[in-house]
Amino acid sequence: MSEWQSWPRFRYEAELDLRFPEEVASMPGGRALFACIQCGTCSGTCPLGTYMDYSPRKIIAMTRAGFKDEVLHSFTIWLCASCYACAVECPRKIKITDFMAELKQRAIQEGVDPKRFPTAVLAREFFDAVRKRGRSTESRLVLRLYAKTNPLKILNQARLGLKLLRTGRFSLLAESVQNRQQIDQLLRAVDAAKATTFVDKLAREIRSPREVARV
Amino acid sequence: MSTPEPKTNGAPKIGVYVCHCGVNIAAKVHIAEVIEFAQTLPFVTVAQEYKFMCSDPGQELIQKDLREGRINRVVVASCSPLMHEMTFRRATAEGGQNPFFFQMANIREHVSWVTADGHQATEKAKALIAAAVRRVAFHKPLEKKRVPVHPHVLVVGAGIAGIEAALKIADAGKKVYLVEREPTIGGHMAQFDKCFPTLDCAACILTPKMTQVCVHPNIELMTYSEVESVEPYDLRNFKVKIRRKARFVNEDTCTGCALCADVCPVSVLSEFDEGLGMRKAIYRPFPQAVPNIFTISRRGTPPCQAACSIHQNAQGYITLIAQGKFKEALDVILRDNPLPSICGRICTHPCTVNCTRADVDEPLSIPGLKRFITDLFPNYKLPQPAVERPEKIAIVGSGPAGLMCAYELRQRGFHPVIFEAQPVAGGMLSVGIPAFRLPRDVIKAEIDRLKEIGIEIKTNTPVGTAVTIEQLRKQYAAVFIGIGAHVERKLKVPGEALPNVWGGIEFLRKVNLEGPFKLGKKVLVIGGGNSALDAARTALRCGAEEVTIVYRRTRAEMPADPKEVEAAEEEGAKMLFLTAPKAILGNKETGVTALECLKMKLGAPDASGRPAPEPIPNSEFVLSCDAIIATIGQVPDLASLGGKLGIEMTKWGTFKADELTLETNMPGVFAGGDCVTGPDVVVNAMYAGKKAAISIDRYLNKVDMRAGREHEGPYRTEYAIDTSGTTVQRQIPMPAIELARRRTFDEVHTGYTQELAIAEAKRCLDCGICCDCRLCATICEAKAINYEMKDEIEEIVVGSIILATGFKPFDARRIPRYGYGKYPNVYTALEAERMTNSAGPTSGEIRLRDGSKPKAVGIIHCVGSRDRNYNSYCSRVCCLYSLKLAHLIKERTHAEVYNFYIDMRVPGKAYEEFYDRMLEEGIHFIRGRVAEVTDHAMTPDEEGKLVIRAEDTLIGVIRRIPVDMVVLAVGLEPQADADEVRRKFYISCGSGGFFLERHPKLAPVQTFADGIFIAGACQGPKDIQDTIAQAGATAAEALVLIDRGFVELEPNTAFIQEELCSGCKTCIPLCPFNAISFNAEKSVAVMNEALCKGCGTCVATCPSGAAQQHLFTDEQIYEEIEGVLSYV
Amino acid sequence: MKYLYYPGCSLKGTNRAYEESVLAAFQALAIEVEELEDWNCCGATAYMAVDEMKSFALAARNLALAERQSRADGPTLMAPCSGCYLVLSKTQHYLEEYSEVSRTIDGALQAARLSYSRKVHVRHPLDILINEVGVQTIAQKVRQPLAGLKVACYYGCQIVRPYAAFDDQVNPTTMDRLIRALGAETVDWPLKTRCCGGSLMGTLQEVGVPLSYILVKEAQKRGADVVATACPLCQFNLECYQDKMSQQFKERLQLPVAYFTQLLGLALGVPERRLGLHRLLIPLPYAAKGRGGAHVHA
Amino acid sequence: MSEKSLDLTPQSPSLKGRGSSPPSLGEGAGERSREPRIVAFFCTWCTYTAADLAGMSRMTYAPNARIVRFMCSGRVDPQFVLKAFQEGADGVLIGGCHPGDCHYQAGNYNALRRYTLLKRLLTEMGIEPERLRLEWISASEGDRVQRVMNEMAEKIRQLGPLHLEPAPRHVPAKQLEAVAVGQQGGAR
């Protein structure tokens, strides 16, 4: 029944956000978005295309049409592994990988955090580590990531963990730069420059661990 | 300023007419405001607006005002003057005024269409109108100059466009020159089987036109020719130079019987078949080629032949051997070498050093192959001289130099007499080279052959004692000295005089003349050259038990041929490197007992480029031995005659002879070979002999001995051959007798068998393409073949030129994702076309490389088109021919055919219908650009297939489609040399690189250069229909010019006001057309307006303002400048 | 010529074998390498996806440090981790291409009392080995040819994309040429640059595993004895998750995955421990290939 | 001769000179913000045609330039450039065919030679040399016209309006001559 109401459905122009495409296109080189001829090379090239709910081509089309919600809530943007295969093949020279990154950023700004896609969490953890020490330590990062997202995962990773320990590849010793202050100045300066508006929001969240834990 | 005497039409009354151009101008420019402004401008008596000034009523407005005297000068503010200036000038003229009392303001292209803001547009329009008004007030009446148009037409490119244009013009009774760079006309269309959308046979509709071209009385067809240069002949016509490339076949006599191709031994990939088939070196692209004439592809002298100092045509006989044509091979060999069986054995073959095959794996065994032939025909004969001459020529020395000289002279009819000091002829060949490398009977046979053709040899006749050189000079017309270098250099160490210390040659001579003799158990050979190895190997054959070669450098620096070194070591000779003799120990009785040596180390490179050995202090040590052979080079035996001769010597004790002619300081006496160069290889001695023979011939004919001889002797060829993709296949080693028998003087190598020889010969890469075997010449009944043919330049004068140079297909290799060149069953569309062609390489069958029928075929659209990484334009024909190919493939293989497209673009009469038909025929159409073609199988049914991955954008899923064959619908690109060509013809290229038309809509076949027109794909991608239409249009354009017989030139020529000219001559050199000369007694510059093209450079340059340009006088331009600036 | 060396976080942690083998191999080739002092995280692609400008800033700091540390005008910064290699080069490109980026970054650097004058060349070891050292030279220095070893060279995405700085984007050949120079055979396969799943292996295993599986599977099918990689993440994904792949796809997978530098080191005769071969979870099939008694421990 | 004596001063004083510049051209705002005035001397074969092409392709660009058409950039007399500046132009743009493409073989080379000398002359006269620009634009490069026009306008806007001190209405004939002839000797 509910399916009946939700499907098939059409969209009123009023439901669309017509500013969205312009906003997205404001990224460096973003105007190329409007040159897309919907040939599908990106989708065909994408090694993850088969896992996506909307193919990259559709994401571009929907973005241009202003389907903001669908785009920002799509799995597609989280599935991009930044392999750049689409970007180099695109006959219109659209930087699709950067475009996906842009959408991720916007999704996070809009507070979209699909449970099954911990990319955002990873990023924050990463960001946290780097802001503190200027370097990240994978093993710690992974542990924290699992702790935050799905502690059970750690268990079925145990065997691998042991192997890594045995081969001396698993160290929890935290790497760090000496001149931490410089890193801090650097990143603050970027914040100050307001290069990306959502940074504050991100930073705020990191300040209150509970919030982070809630993710 | 008073000249030319101004014919004025009284005080200016200027009419300004502002055009709306529908909404094109009116929507942006506030017309009313502009009109109001115009009325305020000086001398403006009328300011009007109208919807379309270019329309008849629009023009009528102007004419009426003129006739009724309201105005006498006209300004129209509308579109670009390049568009309608002519129109309004005519209107002005019809209104009764001189047409040049008119000026145009471009307020469409330069204002309304390019300005965002209406107000700004209006301001800009005002400024331009003000300028026009100010300018026109200073216009003067002018007359147009008429120039006759030459009635002949040049058509460049004989594809369907060129053919069509040429025929049209020729049918109108005008003379046409049709120039085509390929050997045949027909262009790409000739490659097709069927045409879209009618599916009628391309050949059936094209070949009749081709033959018409060939027979048409008004068409002068120049195939295999290219336009070299285009220069102005006069103000309007062209002087064109055309290069007729040498096809080495006489166009008038060749009957196209194709016998030559049958015998030609060289096969290369056929360009016409897109490399799917082969053609011969002498070829005709396809049977219906027009003209029906053959052409020989010659890349030039192959590297091997160039490197050989006697330029033996190796590629020639090698190719023939590969074909099993052994007798013919022999003839090629004998063409320039009378001693082949000797060279085949002992020549150091510089030819192999340059062999292109060496870039892939190893050079061919060129000498081995030559020897194979001479072994195969032991009793071959040398050619008899064609002429006879009385002169006798004395030749001193019967070595290779002497023999070659004698042969060459004999071939020229002279009677050479050879004087040989030794009991046997052959010089170093006989005495210096051991029999196991060069059997005596081989030498004898060669020398007998020379005797047979009438060369006399006097052995045991040392010149200097038996006869004196003076006698020879008296008795003989000329003398050649080739006594070689037989005198041993000395080691210059103590004990050298002891018994059993031999010089290498001395030792070899003894063995060669008197047979082997006991030398001792332990033998040391000093030196690292070939003769050291010969000595060592001979010593072994003389029963020595231990032979050691002592050399002061290392193996790497040994001058000897590595193969020989190997052989020597196989046979048991030992090597002792970095060791130099210090003293020879022993006494009169015992003879030599030991050699005291010094250890050496390598130092800085010496003159020879090799590191110089330096002795290591107190590193002496002693080698015991029973005999020592010192082979450290020789000098000529001057003791015998040199001293007494009075022939100049060098400080190295060799004869001094002129490098180019080999003449000595003694007129009529020539010298060459080792006695001039010092010890050298056999082929260079032969070269010297030949060189001398040429000199002697000229000397006796009293011809300049030096002229044009630079290219005798070895050189390197420039061109490079692409060896990529050649499969590695090493040189086939020549069979040799087993080691056990290497203690006798039997020849070591036994020579190739037929099978081996053919296999080895097949490794040749045909560097020169044509191998110059000249079989075709022998078979050609029409005697049409001429290897001496050279490119020729033909000069013509024409009044119009039509460029129909066509396109080149996009190179699919540039998109590696589609696997062209990697996966054999990925084809380009043009290759597919050839396959579908019943006259093609597969005679119309669609086949995979393995010959089987494809069950599924994918056609990929937009390859290289609509892609900003390559060409952003749409190639326009790909959708069409893809549909055609889809149909043909389905029809002939019943395979599933998939078309992958971005957008189907099939506009045109009966095009859409064809598309519909394909849909109904069950061709699959998938909307999505293919991501990649791969052999990576993910499922069992993908194994062994080519998988096409693409998003089906209409369904929205990613599909993997396994196929057997992929056809790439490659786009159309400008010819590789389009830019070069367009410069030649003074035209421009558009953004895509195609030739630029004068106006995209209104002048699609005209260019900015008067009298030069463009037709077909050189102007932009288009199909045959449109090409034909354009060709017709260009023909019409040309005919218009011819029929009218003249053109009117813009009267914008420059003129000089004598009274102002200071005679500074500045302008004269600056005129590109030499229109300005200097009048000495008046001391002023004089303008020849018949030559002036009106650029105005001289005017801008004239310091005194004496030079002026009609239509662009200084005052007119000043007014225009003030006009644009001082009103708004 | 001395090269500045940027390890990046990964080469100090889970993938130290890469660092070990790079340094050992370069030493064996007598090429001087000097670590960048106080380098920081490159700005990693995962990060780039969330705050591009910051990752540019982080990368820029390393570039600035490089300029400061090296006396050479236009120093070469060698980045073996393809993630770092990409982020550093991408930063270079963006600083050139987009004024807003360079404005912000220069500002940030200034705030941190740094400056970058765009002089650094970011290069991957492969690039240096092929185009600076040269295959010939390397071949001459080979002590123990890897005769009979069949290697599938896996380049991964980010050293050729999006900037094909030193090799073909679709069909790269530098690693193949290098490996062949070591006396080994290379298998021709179409997945040389197909994505291994990257960080998805951590965040979304159900997707990461299949992606890596496709690669391991195809390499095996084409008869490879070992996959050679040039990227820590690729190495980790392809090697460490083979058990998971085996489980998920019900087939035994045991294909060694080594850094190309480890193979290079072996051929140059570097002791195996110094190449970190003992850190491999799946041992190289070397003893089996009958090379002078050498044996690798897992 | 007769026309020369014609009175060409515009009838209505309101239209004379710059003062009357309409609002958009900076009325009240005064000289500072006046829209830059650019005079463009274009060769009819390439640059002028390219400008037409830009129009046909509806490429909008800065409206500041007023195009004066020549047969060849070789006709552009240094006097014209100076004249333009004297008459109140803030910038002058010369457009010709790419080297090697000149319809008259070498006109554009002469233009180039004069251009380099003119720049030095302008510097001497205290006019920023950036106010003069030479561009090779072929008939097919409409987009380039757009770009150059915009850049030029932007550049001139940065430089601000040109104020010619009681301008050397007559540049030392000697120098001009040199420039015209295109000899090094001239402007130094």
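In the predicted model, E973(B) is buried, with a relative accessible area of 6%. This value lies under the 20% limit, and the residue is therefore classed as buried. E973(B) is placed in strand 42 of chain B, which covers residues 972-974. Two polar contacts of its side chain were computed. One joins the side chain of E973(B) to that of K808(B) at 2.6 Å, and the other joins the side chains of E973(B) and N871(B) at 3.0 Å. With neighbours within four places in sequence left aside, the residues in contact with E973(B) are F807(B), K808(B), F810(B), R814(B), N871(B), Y873(B) and F994(B). Both K808(B) and N871(B) thus appear in the contact list of E973(B).

The partner N871(B) is located in a loop of chain B, between strand 35 (856-863) and helix 27 (878-893). N871(B) has a relative accessible area of 11% and is buried; the class follows because buried means under 20% relative accessible area. Besides the polar contact with the side chain of E973(B) at 3.0 Å, the side chain of N871(B) reaches the backbone oxygen of G864(B) at 3.3 Å. When residues up to four places away in sequence are not counted, N871(B) touches F810(B), G864(B), S865(B), R866(B) and E973(B). F810(B) is listed as a contact of E973(B) and also as a contact of N871(B).

The interface of chain B and chain D was examined next. Contacts between these chains involve 74 residues of chain B and 68 residues of chain D. The area buried between chain B and chain D is about 6,200 Å², and carbon and sulfur atoms give 62% of this area. On the side of chain B, the residues that lose the most area to chain D are H110(B), W113(B) and L1125(B), which together account for 11% of what that side buries.

For polar interactions across the interface of chain B and chain D, the rule finds five salt bridges. In a salt bridge between R982(B) and D101(D), the side chains meet at an N to O distance of 3.1 Å. The rule also finds 16 residue pairs in polar contact across the interface of chain B and chain D, with both residues at pLDDT 80 or more. Several elements of chain B each supply at least two residues of the side that touches chain D: helix 3 (81-94), helix 4 (108-112), helix 5 (118-136), helix 29 (978-984), helix 32 (1097-1101), strand 48 (1107-1109) and helix 33 (1114-1126). Helix 33 of chain B provides the largest share of this side, with 11 residues. By residue class, the side of chain B that touches chain D consists of 36 nonpolar, 22 polar and 16 charged residues.

Contacts with chain D are absent for two other chains. No contact joins chain A and chain D, and their closest C-alpha atoms lie 17 Å apart. Chain C and chain D likewise do not touch, with their nearest C-alpha atoms 16 Å apart.

Chain A contains 15 helices and zero strands. Of its 215 residues, 56% count as buried. The accessible surface of chain A comes to about 10,300 Å², with 58% belonging to carbon and sulfur atoms. Among contacts in chain A between residues at least 6 apart in sequence, 67% join residues at least 24 apart.

Technical notes
Residues numbered from 1 in each chain as written. Chains lettered and ligands numbered in written order. Predicted model: local features only at pLDDT ≥ 70, side-chain atom pairs only at ≥ 80, totals over all residues. Heavy atoms only, no water. Helix = DSSP H or I, 4+ residues; strand = E, 2+ residues; numbered from the N terminus. Buried < 20%, exposed > 50% of the residue type's maximum accessible area, 1.4 Å probe, protein only. Polar contact = N/O pair within 3.5 Å; in protein donor to acceptor, adjacent residues only side chain to side chain. Contact = heavy atoms within 4.5 Å. Buried area = accessible area lost by both parts, 1.4 Å probe. Salt bridge = Lys/Arg side-chain N within 4 Å of Asp/Glu carboxyl O. Nonpolar A, V, L, I, M, F, W, Y, C, P; charged D, E, K, R; others polar. Areas by Shrake-Rupley, 256 points an atom, 1.4 Å probe, with all protein chains shown as cover.
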